[in-house]
Amino acid sequence: MSKVIYGEGHKGMGRIMKKYPISIFFPCYNEEQNVTRITLEAIEVARRISDDYEIIIVNDGSRDRTGEIAERLAKENPAVRVIHHDGNKGYGAALQTGFKNASKELVFYTDGDGQFKIEEITRLLPLIEEADIVSGRRTYRQDSFMRKVNAFLWGALVNALFKINVNDVDSAFKLYRRKIFDEITLTSQGALIDTEILAKARAKGYTITEVGVSHFPRVAGEQTGAKLSVILRAFKELFALKSSFSPRSE
């Protein structure tokens, strides 16, 4: 397996990293203003960190031109493919699609809204040799005060219920060993998906670590995570997960 070396000034922290086969995917819902930029950034980063990669765009039933633009990008770039949902199925459903279709040894996902810099995957990669999941912790979260308060309370709740011990549970900047998804069954269709993955992976004995990453304001498109319907769905799925969760089964 080949290696890539980053100098001391690089965000990869001056460490030697293996070039793993990697799947990079991101869910998109009405991200016509962001999908081109994110896809091209993913391609550029993937070329530097891997000799065997794929980029997957999951179009979760967008009503704008996201799907059309994604198809054009796939035609122009052989490493890119698009999976369309025939309606807006939800964040969890979009992530499930990405994980199910990822074929490489490592799987990395981020959101299609551009609030993370994909190049900062170099902060995560050195740690995948020490853990099975590396989660990016937003060091300076660029969201409204109320959104940050809600996230803190939610994180405290799910950590208490499932003993995940992760500071930024819902950070959309995570790197996984793909084999994890052969051993756990995911059911969450909404925002609970990150909690479900971490809880079930932890119960299976997989290790999780965190590292700080940058977070940026959304410059285009509209956030949907704070909608009442999304929040209510998350709590409904949370109670269902807790009632069925068994550390010995998943």
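This is a short chat about the fold, a surface patch and one tryptophan in a predicted model.

Q: Hi! How many helices and strands are there in the protein?
A: Hello! The predicted model has 7 helices and 9 strands.

Q: And what share of the residues is buried?
A: Of the 250 residues in the protein, 53% are buried.

Q: What about contacts, how much comes from residues 24 or more positions apart?
A: Counting contacts with a separation of 6 or more, 79% are between residues 24 or more positions apart.

Q: Let's go to the surface. How much area does the protein expose?
A: About 11,600 Å², with carbon and sulfur atoms supplying 51% of it.

Q: Which residues form the nonpolar patch there?
A: The patch is formed by L157, I231, F235 and F239, which together have about 330 Å² of accessible area.

Q: Which helix gives the most to that patch?
A: That would be helix α7, residues 228-244, with 3 residues. I231 is found in this helix.

Q: Why does I231 count as partly exposed?
A: Because its relative accessibility is 30%, and partly exposed covers the range between under 20% (buried) and over 50% (exposed).

Q: Switching to W154: where is it, and is it buried or exposed?
A: W154 is found in helix α5, residues 145-162. W154 counts as buried because its relative accessibility is 11%, and the cut-off for buried is under 20%.

Q: What is W154 in contact with, leaving aside neighbours within four places in sequence?
A: W154 is in contact with D170, L192, T195, A234, F235 and L238. One of these, F235, is also part of the nonpolar patch.

Q: And how far is W154 from V169?
A: They are 15 residues apart in sequence and 8.8 Å apart in space, C-alpha to C-alpha.

Key: Residues are numbered from 1 along each chain as its sequence is written. This is a predicted model: local features need pLDDT of at least 70, side-chain atom pairs count only at pLDDT 80 or more; totals for chains, interfaces and linings use all residues. Side-chain values use heavy atoms; hydrogens and water are left out. Helices (H or I, at least four residues) and strands (E, at least two) are DSSP runs, numbered from the N terminus. Buried means under 20% relative accessible area, exposed over 50%, partly exposed in between (1.4 Å probe, protein chains only). Contact means heavy atoms within 4.5 Å. Accessible areas come from the Shrake-Rupley method with a 1.4 Å probe; for residues, only the protein chains shown count as cover. Patches are made of residues with over 30% relative accessible area and no salt bridge: like charges are joined within 9 Å, nonpolar side chains (Val, Leu, Ile, Met, Phe, Trp, Tyr) within 5 Å. A salt bridge is a side-chain nitrogen of Lys or Arg within 4 Å of a carboxyl oxygen of Asp or Glu.
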